[in-house]
Amino acid sequence: MRFGYQEIVTPIIEHEELIERVGEETDTVAKELYRFEDRGGRKIALRPEATAGVVRAYFEGGLKQGPQPARLYLFGPMFRYDRPQKGRYRQFYQFDVEAIGSASPALDVEVIEIAAGWLHESGISALRLELNSIGDHVCRPAYLERLREYYRPLKSQLHGDCQDQALKEGAPRITDHLCGPCAEAWAKVRRMLDGASIEYIHNPYLVRGLDYYTRTVFEFYPAGATGQQDALASGGRYDGLAEAEGWPSTPGVGFAGGFDRVVDVMAANGVEVIAAPAAEVVVLADAGEEIAAAEVARICRAVRSVAVDYEARSLAAMMRSADKLGARWVVLVSAEEVRRRVARLRDMTSGEQAEVSWDQLPERLA
Ligand code: HAM
């Protein structure tokens with residue numbers, strides 16, 4: 001990744017307890033946790049998301065002693081026990097990005113930039129980024145009290161939808177009641193997003209479904225989509241998560257993108273996915289020359305990815321198959337040539353063919 005992030009791999013199964021510890025109140029944990037008992041009677045959960053496990057690995061794997069922040073990414077399956085429907089699967093794939101060990105709002109913007117770049121590269125450029133700050137343990141409780149005070153005398157009026165909407169619009173907004181440090185971070189995030197020319201909408205009602213967030217929260221939607229289950233990537237800052245897991249307090253920020261939903265949108269947009277060729281060079285040899293073919297491939301692998309066709313079939317059939325693979329070159333090895341340690345190198349684009357000694361193949365393919 002061009003932002004200097006390193007891949008991390010964490011277990012797919014977790015003790016139910018770890019996941020419950022980071023969010024007893026949340027929907028995800030309460031309703032959607034995919035759990036079972038193993039043969040030893042242990043309570044096991046399939047991870048519903050990656051962040052809790054990555055934070056655990058940051059401490060257990062000694063990343064805390066390395067350069068800070070630790071910039072990490074992960075790709076893998078997540079599980080949520082819900083009624084499967086379009087865009088909401090029991091097993092789905094996330095691209096997860098985490099920067100752990102820094103409270104700088106610049107990192108909030110860095111991970112947003114990574115998410116935006118990833119979606120753009122997937123051919124999804126019509127996007128809506130929704131952004132909010134939900135404050136922290138200092139200002140959020142005071143704000144929630146203010147909100148309760150606002151609604152208390154209005155309780156009896158809470159019925160019809162239009163009325164609810166009007167009341168909601170008059171309600172106090174957390175971004176008007178942030179404490180000093182949260183307000184400063186919120187201003188910095190917005191200034192830096194402007195600096196990066198990333199457009200966003202301030203959605204004062206955006207709160208996110210997981211318990212561990214503080215300050216910045218965000219969600220990317222395909223332009224025009226409104227449903228919660230349309231979010232393509234979402235995340236935020238989680239300065240209280242490490243402590244909730246029982247580690248020393250450590251700030252972090254990140255997001256996860258949903259591969260399944262991104263692929264659905266790509267398909268709907270007609271984006272063509274062209275797989276990179278599996279091998280740049282294919283070695284074709286006469287029947288019985290497997291040892292020589294393997295040796296020629298070994299020589300070529302110094303500079304290119306190489307596959308060998310070991311099937312006993314006609315040259316024409318082997319050439320067709322090399323073409324299908326998308327190989328740029330074919331190296332032909334006949335019994336007579338093996339004795340002289342030469343081969344024919346064919347450029348599949350121009351159709352040119354030349355005799356080359358085995359030793360010179362790396363130079364010609366470089
Ligand atoms: P999340 O919003 O629960 O956040 O999920 C992130 C993304 O995963 C969603 O935007 C969506 O694209 C995809 N997704 C979620 N549930 C499903 C599902 N059932 N089927 C298909 N796709 C789904 C998190 O998971 C946080 N851990 C993100 C984060 C990382 N926050 C900080 N760091």
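User: Is glutamate 337 buried or exposed?
Analyst: In this predicted model, glutamate 337 counts as buried because its relative accessibility is 5%, and buried means under 20%.

User: Which helix holds glutamate 337?
Analyst: Glutamate 337 lies in helix 12, which covers residues 335-340.

User: What does the side chain of glutamate 337 make a polar contact with?
Analyst: The partner is the side chain of arginine 344, at 2.7 Å. Leaving aside residues up to four places away in sequence, glutamate 337 touches Leu332, Val342, Ala343 and Arg344. Arginine 344 is thus named both as a polar partner and among the residues touched.

User: Let us turn to another glutamate. Where is glutamate 14 found?
Analyst: Glutamate 14 is found in strand 2, residues 13-15.

User: Is glutamate 14 buried or exposed, and why?
Analyst: Glutamate 14 is buried, because its relative accessible area is 6% and the cut-off for buried is under 20%.

User: Which side chain is joined to glutamate 14 by a polar contact?
Analyst: That of arginine 56, through a polar contact of 3.1 Å. Arg56 also appears among the residues that glutamate 14 touches, along with Ile19, Lys43, Ile44, Ala45, Arg47 and Gly53; residues up to four places away in sequence are not counted.

User: Arginine 56 is in helix 3, then. How many residues of helix 3 are buried?
Analyst: Helix 3 spans residues 51-60 and is mostly covered, with 9 of its 10 residues buried. The buried ones are Thr51, Ala52, Gly53, Val54, Val55, Arg56, Ala57, Tyr58 and Phe59.

User: What do the buried residues of helix 3 pack against?
Analyst: They pack against strand 2, helix 1 (16-21), strand 5 (70-79), strand 6 and helix 8. Strand 2 is the element in which glutamate 14 is found.

User: Which glycine follows helix 3?
Analyst: Glycine 62 follows helix 3, and its phi is positive, near 80°.

User: You mentioned strand 5. Is proline 77, which lies in strand 5, buried or exposed?
Analyst: Proline 77 is buried, because its relative accessible area is 15%, and the limit is under 20%. Not counting residues up to four places away in sequence, proline 77 touches Ile12, Arg47, Gln91, Phe92 and Tyr93.

User: How many Å separate the C-alpha atoms of proline 77 and glycine 326?
Analyst: They are separated by 30 Å, with their positions 249 residues apart along the chain.

User: Now the ligand. Which residues come nearest?
Analyst: Of the 26 residues around the ligand, Glu49, Glu98, Tyr213, Ala231 and Ser234 come nearest.

User: Which atom of tyrosine 213 lies 2.7 Å from a nitrogen atom of the ligand?
Analyst: A polar side-chain atom of tyrosine 213 lies at that distance of 2.7 Å. For threonine 51, a polar side-chain atom lies 2.9 Å from a nitrogen atom of the ligand. For tyrosine 89, a backbone N or O atom lies 2.9 Å from a nitrogen atom of the ligand. Thr51 is also one of the buried residues of helix 3.

User: What about pockets? What volume has the largest pocket?
Analyst: The largest pocket has a volume of about 930 Å³. Its lining has 45 residues, of which Arg80, Arg208, Gln228, Ser234 and Arg261 lie nearest its centre. Elements that give two or more residues to this lining include helix 2 (27-32), strand 6 (91-100) and helix 9 (259-268).

User: Which element gives the largest share, and what is the lining by class?
Analyst: Strand 11 gives the largest share, 5 residues. By class, the lining of the largest pocket has 15 nonpolar, 15 polar and 15 charged residues.

User: And what lines the second largest pocket?
Analyst: The second largest pocket holds about 500 Å³ of space. Of the 24 residues that line it, Ile134, Asp211, Tyr212, Tyr213 and Thr214 are the closest to its centre. Helix 5 (140-151), strand 9 and helix 8 (241-244) each give two or more residues to its lining, and helix 8 gives the most, with 3. The lining of the second largest pocket has 10 nonpolar, 7 polar and 7 charged residues.

User: Finally, arginine 148 in helix 5: what is its relative accessible area?
Analyst: Arginine 148 has a relative accessible area of 46% and is therefore partly exposed. Arginine 148 and asparagine 132 are 16 residues apart in sequence and 20 Å apart in space, C-alpha to C-alpha.

Conventions:
Residues are numbered from 1 along each chain as its sequence is written. This is a predicted model: local features need pLDDT of at least 70, side-chain atom pairs count only at pLDDT 80 or more; totals for chains, interfaces and linings use all residues. Side-chain values use heavy atoms; hydrogens and water are left out. Helices (H or I, at least four residues) and strands (E, at least two) are DSSP runs, numbered from the N terminus. Buried means under 20% relative accessible area, exposed over 50%, partly exposed in between (1.4 Å probe, protein chains only). A polar contact is a pair of N or O atoms within 3.5 Å; within protein, one must be able to donate a hydrogen and the other to accept it, and residues adjacent in sequence count only if both atoms are side-chain atoms. Contact means heavy atoms within 4.5 Å. On a 1 Å grid over the protein atoms alone, a cavity is a set of points where a 1.4 Å probe fits but cannot get out, and a pocket is an open set with protein on both sides within 12 Å along at least five of seven lines; lining residues have an atom within 4 Å of a point. Grid points are joined across faces, edges and corners, and a volume is the space filled by probe spheres set on the points. Ala, Val, Leu, Ile, Met, Phe, Trp, Tyr, Cys and Pro count as nonpolar, Asp, Glu, Lys and Arg as charged, and the others, Gly among them, as polar. A residue is near a molecule or strand if one of its heavy atoms lies within 4 Å of it.
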